[in-house]
Each structure stands twice: as C-alpha cells, then as structure tokens.
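User: I would like to go through this model step by step, from its surface to its helices. Please reason from the coordinates in each reply and finish on the value or name I ask for.

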Amino acid sequence: MPQHSEDEIASRRATVSNLYRKGWTQMEIADEVGVSQGQISQDLEAIRIEWRNSMLMDFNEKKAEELAKIDYREQILWQAWERSMQPLKKKSTKMKGEVDTGQRYQDKKKNQQVKNLETTETTEERLGDPRYMQGIERCAQQRIELLGLAAPIKVAQTDPEGKAVAARTWRLIDHTGGKPVPAPDDIY
C-alpha cells in the first residue's frame with residue numbers, strides 16, 4: 001500500500017470534510033476521492049478530533065478577531081458619516097427663451113450646442129445621515145458586550161401580578177425525619 005505525504009492527506013481530508021458537511025455518505029465520498037470507505041471513516045475520525053480541538057481555541061484570540069471586525073465596520077461608518085455631512089452641490093440646466101424644436105433638432109444633428117441654456121449651481125448644507133451614527137452606536141454596544149463592560153442588569157422578583165416580592169417562600173417535602181431544612185438562599 002503506497003504511503004501518502006502529509007500534504008496529500010491534508011488535501012484529501014479537506015475534500016472529505018467539505019463533502020461530509022454537504023451530507024455525502026462515506027461510500028459516496030470514498031468513490032469521489034478514490035479511497036476505501038474504511039479510509040474515509042478514519043479520515044472522518046481525525047477530522048472530528050481536529051474540530052473538537054479547534055473548538056477549544058483561545059477565546060481571547062477570537063475576541064480580538066471580532067473586535068477587529070467591529071473596529072473596521074465602525075471606521076467605514078465614521079467615513080460615511082463624514083461624507084454625509086459634506087455640502088451637496090447640485091447643478092441644474094434649463095433653457096431660456098423660446099426654442100424652435102426644429103432648430104434644436106438641427107443643432108443636435110450638427111453637434112452644435114444650443115446657446116440659450118442657463119446653468120445654475122446650488123450648494124445644500126447637510127447635517128449628516130443619522131443611520132450612520134446609529135451604526136456607530138451599534139458597534140460601540142457590540143464592543144461593550146463582547147468585552148463584558150456592561151453593568152449587570154438587576155431584575156427584581158415579582159409575583160404574577162407584577163408586585164415586588166420581599167422574600168421567597170419555599171415549599172419543601174420533609175425527607176429529613178423532622179429535622180429543619182434550610183432554604184436554598186441560606187445554603188448558597
């Protein structure tokens with residue numbers, strides 16, 4: 001039986017992994033790749049071990065990746081915000097006086113410009129598109145949640161009618177033979 005190089009095995013396992021995730025059976029994969037079903041079974045076991053190990057990755061690294069994505073989106077949003085605040089220049093052209101449609105047609109045909117056009121240019125001040133600022137705020141909120149910087153939300157206990165409950169009451173079945181049973185709050 002020929003020995004395969006590490007690169008060949010890695011390439012085969014990548015193909016096996018892709019086909020497996022698409023729902024192919026081991027026999028279908030074996031036929032496609034050109035190895036036995038037993039080899040595919042061994043490859044899948046190695047792939048599963050690799051997947052498990054990759055799930056145990058350094059979460060700080062994953063956080064850094066996500067933070068970089070958030071930073072990039074925020075940078076794009078800030079650029080868009082700045083552009084949305086730039087003055088908007090509008091140019092409009094209108095004809096002055098009366099123009100003979102026959103003459104205008106002849107002028108276009110001869111590639112001559114019509115001489116009685118008036119061009120106006122206006123500048124409109126803009127305050128900025130608030131959607132970009134909302135996106136920036138979402139990025140900041142995502143960063144706060146990812147880093148765990150948000151203060152915990154305190155939720156008061158209420159009864160079914162929404163009134164605050166001062167103390168919990170516990171209904172316990174006595175399995176202690178008459179000895180007092182502490183409430184869960186006293187244990188923890």
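User: Which residues form a nonpolar patch on the surface, and what is their accessible area together?

Analyst: This is a predicted model, and the reply should be read with that in mind. One member of the patch, Leu-147, lies in helix H6, which covers residues 130–147. Leu-147 has a relative accessible area of 38%, and because the partly exposed class lies between 20% and 50%, Leu-147 counts as partly exposed. The patch is formed by Ile-144, Leu-147 and Leu-149, and together their accessible area is about 260 Å².

User: In what order do the elements of the protein chain run from the N terminus on?

Analyst: The protein chain has seven helices and two strands to be placed in sequence. Read from the N terminus on, the order of these elements is α-α-α-α-β-α-β-α-α.

User: What share of the residues of the protein chain count as buried?

Analyst: The accessible surface of the protein chain comes to about 16000 Å², and carbon and sulfur atoms own 52% of that surface. As for contacts in the chain with a separation of 6 or more, residues 24 or more positions apart account for 62%. With burial taken as under 20% relative accessible area, the share of the 188 residues that count as buried is 13%.

User: Are the buried residues of H1 on the same side or on opposite sides of the helix?

Analyst: Helix H1 spans residues 6–21 and reaches 22 Å from its first C-alpha to its last, close to the 22 Å expected at 1.5 Å a residue. Its buried residues are Arg-12, Val-16, Ser-17 and Leu-19. Because these cover an arc of only 165° around the axis, they lie on the same side of H1.

User: Which residues are exposed on the other side of H1, and which residue just after H1 takes a positive phi?

Analyst: On the side of H1 away from the buried residues, the exposed ones are Glu-6, Asp-7 and Arg-21. Just after H1, the residue with a positive phi, about 95°, is Gly-23.

User: Against which helix do the buried residues of H4 pack?

Analyst: Helix H4 comprises the 26 residues 59–84 and reaches 37 Å from its first C-alpha to its last, close to the 38 Å expected at 1.5 Å a residue. Buried in H4 are Leu-67, Ile-70, Glu-74, Leu-77, Ala-80, Trp-81 and Ser-84. The helix against which these buried residues of H4 pack is H6.

Notes
Residues are numbered from 1 along each chain as its sequence is written. This is a predicted model: local features need pLDDT of at least 70, side-chain atom pairs count only at pLDDT 80 or more; totals for chains, interfaces and linings use all residues. Side-chain values use heavy atoms; hydrogens and water are left out. Helices (H or I, at least four residues) and strands (E, at least two) are DSSP runs, numbered from the N terminus. The expected span of a helix is 1.5 Å times one less than its number of residues. Buried means under 20% relative accessible area, exposed over 50%, partly exposed in between (1.4 Å probe, protein chains only). The arc is that of the directions from the helix axis to the C-beta atoms. Patches are made of residues with over 30% relative accessible area and no salt bridge: like charges are joined within 9 Å, nonpolar side chains (Val, Leu, Ile, Met, Phe, Trp, Tyr) within 5 Å. Accessible areas come from the Shrake-Rupley method with a 1.4 Å probe; for residues, only the protein chains shown count as cover. A salt bridge is a side-chain nitrogen of Lys or Arg within 4 Å of a carboxyl oxygen of Asp or Glu. Contact means heavy atoms within 4.5 Å.
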